[in-house]
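User: I would like to learn how to read the features of a structure such as this one, taking a helix, a core and a sheet in turn. Could you take me through them?

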Amino acid sequence: MSVAVIQGCSKGLGRALAQNLLSTTNLNVVGTTASGATRAREAILSGTSTGSGAENRLTTLDMDIRDESAVKKASEQVQDKFGDKPLRLLINVSGMLHAEKNVMQISHSEALRSFEINVIGHMLAFKHFVPLVGKQGTEDDKGLLPGGRSVLASISARVGSIQDNELGGWYSYRASKAAVNQVIKTLSLELKARKVPAVALAYHPGTVRTDLSKDFVGPDFKAPSRGDKGRDYGIFDPDEAASKMMSVVIATAMPMFDPVKDAIENSPVASTQQLPPTPSYKHNILASPPSLPAAPPSPSRRNSVSSANLSMLLNDGPPPSKRQRTASIHHLLSPTDSRPSSSGGLQIDMGSSPGRSTMGPPALPHRSSSAPTPVPYAPRRTSAGQRLRVPLTPDEHALMERSCRNALRDTATRSPPSRPSSSSGPDRKRRRGSDDQGEIRPPPSGNGRDDSYMVAQHYNRRKEVGVKARLDSPIIGLRNFNNWIKSVLIAKFGRRPLQESNTHGPNPHGRGVTSGKVLDLGCGKGGDLRKWGKASIREYVGLDIADVSINQARNRHMELVPSQRFDAEFHAFDCFSDNINTVVSPHRLRTPFDVVSMQFCMHYAFESLDKVRIMLENVSQYLRPGGIFLGTIPNSQLLLDTLNKLPGDETSFGNSVYSIRFDSKREQPLYGHRYWFYLKDAVEDVPEYVVRWEEFETLALEYGLKVTHRSDFHDIFALERRDSEFGPLLQTMKVVNSRGETEMSEDQWQAANIYIAFAFEKL
């Protein structure tokens, strides 16, 4: 039995393809995944019938396609295990989607990662697995294509078509899929030149319900089988998509492409006599070898397609309906939204109807052999050209306008942004980034101040109730769990830079040695002071917008035991509106900090791009190279996914512990996307802002901050609860008791996962 390799088999379409092959063929199936080969094997076998001998025919390997040595090792493992059994099928499935809406959202790191996974990884797989193709297949495995030839495939996408691009956006994904198409075309030419018995295939499976498409087509979305314009929709489950793809793979070969006959027979101005094939033109890589007769053309179909068509050249079918423009985003991934193509650009098989093509120009009637004398080919345009213009959203328009503005012309007339808690005067230094980008603000509160004033007032009104009252809190389980998360963050990511710090020496307040400087932006009432004391830090600066909270933090610092005390200063200051050098002592800033911490507060900066840039400048300017920026923020993906799944015009969700109410479901700007947050016994309906992780990560990189960690709270618990250090800490911090039971209710556990933890390193 020959071998089939599915590159990217751990979930979604890749897993479904492996299961399909195990159930419907007798091939040995090798599935590769970046990591977790054992888990991938279990998942594949769980969906395969036990009577098919799948367990003996399935092999799973770890193979990170971003690492060529790993790809080479995997190919060698396949060769060692299966010897001279030839490779009959290779499908590159792995892919990622970074969905930029406009050019301002392009990220160097995300674009590079898109090409690494979507293109370069596929190329490396071809490089190391094509040598395993070997000779023609035996009778056992003929059937993939006539003659027992092999199939070397990559999952492409319709959005990779240049001609088909009418909606714009998705720069990285579109470019990477266009590159995949070119890779397949080039590979097909090499296979022919080297007489390798294989076919190169680029395949568009349609919109498949996987992790890649879940942000655009939710699990409850049900597309009609036919649209109001008569267009087929294609949104498939992985099993259905895999079945359709395999039907295309095993379809019969098309007749050889004849460009002369194609040009004359499809002339819009005259009917001509059919001409015999031109033997010297052999662009159809899927055609049978010269020794095999070509199948006769069907009188009801177009005899050929453009010479650059790699996609399938396997299909025939009725002409598609007239192209209708649509702005719906799931059409970017739809496999059956047909449209005519008069150019020679690459076209991708849509997979919506096995063995049938929905691409290409409409078919012309079959012409009899008694047609008039041929006339020169003279095509003409039958419809006016179009230009699709999609207006920018208000925030995109503001960003573009501000990026082109001459800041020197209007600096004098622009008043500084509001700084409710700032103690600096109006003649301070001009800040970097204050004029280079626009911002979209929500409507101001009735008193003319922005939302930061409301936030400050809320926390100023909350009284210090003391340790005993805090222990009686109805959400004490959630509070303890959040404190455990922060302790894990400090120990895992803050300990190293603190111990390596140049700021160290004997503890001036007690015994032992202290080391490291910490800048705590949004320190609140000083709830983390004991954590930093246990980390044996030497210096600390705490800032918060609420002056009452700062006074309470000072008092808590004075109450620390001598062995945990450190040199500290506190300031009531809005560190999202101005540089902290206006309040922090100059001698503190001469030596950079080793750790910057922002716990449960950074989302307030996302009221505007201006505030985000000031916040990042305060972090980057005063953090040493190799230092760590760590924090906790709401999970934007969870919030927006939940909002978008709400029925009708509903904009609020939650449970008995928390509630979230968005201002609008329709408008979702990058900055200033406001919602109102309530947390029992903690937060009373305070305005907060969505922190879009991709945007945050991209901006942070501009300031020399590279992400090293990102996890939601549930994942941190699952990963660290059995750790030799952090496991016992769960009981010490009363997250669980000696029997492993917790005081957290199900609603508190759900509320905990609203947040994610992160760590960045200063480059």
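User: Which residues are buried in H17?

Analyst: Bear in mind that this is a predicted model. In H17, the buried residues are Leu609, Asp610, Lys611, Val612, Arg613, Ile614, Met615, Leu616, Glu617, Asn618, Val619 and Ser620. Because 12 of the 13 residues of H17 are buried, the helix is largely enclosed by the rest of the structure.

User: What span should the 13 residues of helix H17 have, and how far apart are its end C-alpha atoms?

Analyst: The general idea is that an α-helix has 3.6 residues a turn, so residues three or four places apart point the same way. For helix H17 (residues 609-621), a rise of 1.5 Å a residue means that a span of 18 Å should be found, and the end C-alpha atoms are indeed 18 Å apart, which agrees.

User: Which residues have the most contacts inside the largest nonpolar core?

Analyst: A nonpolar core is a set of buried nonpolar residues joined through side-chain atoms within 4.5 Å. The largest one here has 99 residues, and those with the most contacts inside it are Trp484, Tyr540, Met602, Phe629 and Phe696. Helix H13 (residues 476-499) contributes the largest share of this core, namely 10 residues. Leaving aside residues up to four places away in sequence, Trp484 touches Ile716, Phe717, Glu720, Arg721, Phe726, Leu729, Leu730, Met733 and Val735.

User: In what order do the strands of the open sheet come, and why is one side of S3 and of S6 left without a neighbour?

Analyst: To read a sheet, one follows the pairing from strand to strand. Here 6 strands form an open sheet in the order S3-S2-S1-S4-S5-S6, with parallel pairing. S3 and strand S6 (198-203) stand at the edges and each has a single partner strand, so one side of each lacks a neighbour in the sheet. From one strand to the next, the twist averages 15 degrees.

User: How many bridges join the strands at each edge?

Analyst: Strand S2 (residues 28-33) pairs with S3 in the parallel sense over 5 bridges, and the bridge partner of Thr33 in S3 is Asp62. Strand S5 (residues 150-155) is joined to S6 by 6 bridges, also in parallel, with Tyr203 in S6 as the bridge partner of Ile155.

User: Is strand S3 mostly covered or mostly exposed, and which strands does helix H4 lie across?

Analyst: Strand S3 (residues 58-62) is mostly covered, since 4 of its 5 residues are buried. Helix H4 (residues 68-82) lies across strand S1 (3-7), S2 and S3, running at about 150 degrees to S3.

Terms used:
Residues are numbered from 1 along each chain as its sequence is written. This is a predicted model: local features need pLDDT of at least 70, side-chain atom pairs count only at pLDDT 80 or more; totals for chains, interfaces and linings use all residues. Side-chain values use heavy atoms; hydrogens and water are left out. Helices (H or I, at least four residues) and strands (E, at least two) are DSSP runs, numbered from the N terminus. The expected span of a helix is 1.5 Å times one less than its number of residues. Buried means under 20% relative accessible area, exposed over 50%, partly exposed in between (1.4 Å probe, protein chains only). Contact means heavy atoms within 4.5 Å. Two strands pair if DSSP finds at least two bridges between them. Axes are lines fitted to C-alpha atoms, for helices over the stretch in contact, and angles run from 0 to 180 degrees between N-to-C directions.
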